[in-house]
Amino acid sequence: MLNQRTIAKTVTITGIGIHSGEKVSMTLHPAQADSGISFKRTDIKDSEILKATATTVGATENNTAIGSGAGAVHTVEHLLSVLYGFGINNCFIEIDGPEVPTMDGSGASFLYVIKETGIQQLHKTKKFLVVTKPVEVKVGEKWARIEPCEKLIIDSTIVFKHPIIKTQRKEFEFTCENYINEIGRARTFGFLRDVDMLKRKGLIKGGSLDNAVVLDDFKVMNPDGLRFNDEFVRHKILDTIGDISLLGYEIAGKITTYMSGHHVHNVLCRKLLETPDAYEIVSATTLEKEAVQAFDLPMALAPSF
Ligand SMILES: [Zn+2]
């Protein structure tokens with residue numbers, strides 16, 4: 001499992017954007033080794049190809065956007081998270097609107113589609129970003145740190161003054177199998193009391209109980225309840241993986257976050273990249289077996305969703 005991956009064939013996914021509320025069609029194409037993940041808006045004439053990297057992120061308010069202004073692609077984080085979850089390093093994505101479809105507010109639909117489409121191994125070795133020195137960022141009370149570790153571990157804490165959430169902490173050791181079983185299906189969440197404010201800002205026009213966990217002041221409003229008791233912190237880990245995948249490599253390091261969001265994740269990525277002695281890029285062949293084994297695909301395992 002040392003080789004880079006892409007999807008086996010072209011596949012189209014349609015849905016609505018959670019913020020725009022507009023219908024959108026997105027086509028994922030296989031891409032060659034070392035090409036990374038990139039987007040192209042097909043609804044804009046002669047639009048440029050937007051490479052998805054930490055430094056091409058143009059907005060981080062309530063979503064992560066690649067590029068800025070009218071040509072940006074918003075809400076890329078759940079799709080990128082699932083691609084990382086399958087160890088897919090290369091994919092070219094055409095999209096006919098400003099936002100990746102939200103589906104059910106988690107990565108479940110992308111997991112399902114990519115599992116059905118299949119994964120193709122490419123003839124080039126994976127590269128890992130190995131953290132060699134701790135880097136930390138703080139924005140108000142929110143913070144995130146990345147430090148040396150032989151594999152990717154995410155230790156996430158969220159704190160909300162809400163009786164259903166309160167403080168949730170989860171330490172997640174990344175493997176493709178763990179990702180599929182524990183993280184990919186966790187949905188985004190929001191509070192009924194914030195709905196008016198977000199709509200006034202032009203956000204969550206497409207939001208509903210079908211694509212988010214919504215909480216009133218006391219309880220979860222979705223009739224089927226939660227998928228996991230700690231679905232909230234699991235979704236935070238899903239978002240974190242999507243955002244840090246923008247480093248562009250498989251990651252060997254421990255990430256600890258406190259009340260973090262897309263902005264903090266992006267600031268952490270940028271600070272790491274600006275600190276050349278805090279990381280090195282190495283071929284998967286030089287790494288301990290365990291770090292690489294995390295990307296073994298559980299083909300025999302049928303994810304339950
Ligand atoms: Zn999210």
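Here are a few worked exercises on a predicted model, covering its two domains and some of its salt bridges.

**Exercise 1. Describe how domain 1 and domain 2 meet.**

Step 1: Start with the bounds. The domain assignment gives domain 1 as 3–125 and domain 2 as 127–293.

Step 2: Place the two parts relative to each other. Their C-alpha centres lie 18 Å apart.

Step 3: Count the residues involved. On the domain 1 side, 38 residues are in contact with 43 residues of domain 2.

Step 4: Put an area on it. The size of an interface is often given as the accessible area lost when the parts come together. Between domain 1 and domain 2, the buried area is about 3100 Å², and carbon and sulfur atoms give 59% of it.

**Exercise 2. Work out which polar links cross between the domains, and what the domain 1 side is made of.**

Step 1: Look for the charged pairs. There are 3 salt bridges between domain 1 and domain 2.

Step 2: Widen the search to polar contacts. With both residues at pLDDT 80 or more, 26 residue pairs are in polar contact between domain 1 and domain 2.

Step 3: Find the elements behind the domain 1 side. Those giving two or more residues to the side that touches domain 2 are α1 (77–85) and α2 (108–117). Of the elements, α1 gives the most, with 7 residues.

Step 4: Sort that side by class. It has 13 nonpolar, 20 polar and 5 charged residues.

**Exercise 3. Take the salt bridge of Lys 127 and locate its partner in the chain and at the surface.**

Step 1: Name the pair. The side chains of Lys 127 and Asp 34 meet in a salt bridge, at 3.4 Å from N to O.

Step 2: Trace both residues along the chain. Lys 127 sits in strand β10 (residues 127–131), while Asp 34 is in the loop between β3 (23–30) and β4 (37–41), so the pair links distant parts of the chain, 93 residues apart.

Step 3: Check exposure, where partly exposed runs between 20% and 50% relative accessible area. Lys 127 has 35% and is partly exposed; Asp 34, with 38%, is partly exposed too.

Step 4: Look for shared partners. Salt bridges that share partners join Asp 34, Lys 124 and Lys 127 into one network.

**Exercise 4. Is each residue of the Glu 182 and Lys 170 pair buried or partly exposed?**

Step 1: Confirm the pair. Glu 182 and Lys 170 meet through their side chains in a salt bridge of 3.7 Å, N to O.

Step 2: Assign the elements. Glu 182 belongs to helix α3 (residues 176–183) and Lys 170 to strand β14 (residues 167–173), so the salt bridge ties together parts 12 residues apart in sequence.

Step 3: Apply the cut-off, with buried meaning under 20% relative accessible area. Glu 182 has 25%, so Glu 182 is partly exposed. Lys 170 has 13%, so Lys 170 is buried.

**Exercise 5. Follow Lys 170 to a neighbour, and describe the surroundings of that neighbour.**

Step 1: Identify the neighbour. Leaving aside residues up to four places away in sequence, Asp 230 touches Gln 168 and Lys 170.

Step 2: Locate it. Asp 230 is found in the loop between β16 and α5.

Step 3: Add its polar partner. The side chain of Asp 230 makes a polar contact with the side chain of Arg 234, at 2.6 Å.

How values were computed
Residues numbered from 1 in each chain as written. Predicted model: local features only at pLDDT ≥ 70, side-chain atom pairs only at ≥ 80, totals over all residues. Heavy atoms only, no water. Domains from an automatic or database assignment. Contact = heavy atoms within 4.5 Å. Buried area = accessible area lost by both parts, 1.4 Å probe. Salt bridge = Lys/Arg side-chain N within 4 Å of Asp/Glu carboxyl O. Polar contact = N/O pair within 3.5 Å; in protein donor to acceptor, adjacent residues only side chain to side chain. Helix = DSSP H or I, 4+ residues; strand = E, 2+ residues; numbered from the N terminus. Nonpolar A, V, L, I, M, F, W, Y, C, P; charged D, E, K, R; others polar. Buried < 20%, exposed > 50% of the residue type's maximum accessible area, 1.4 Å probe, protein only.
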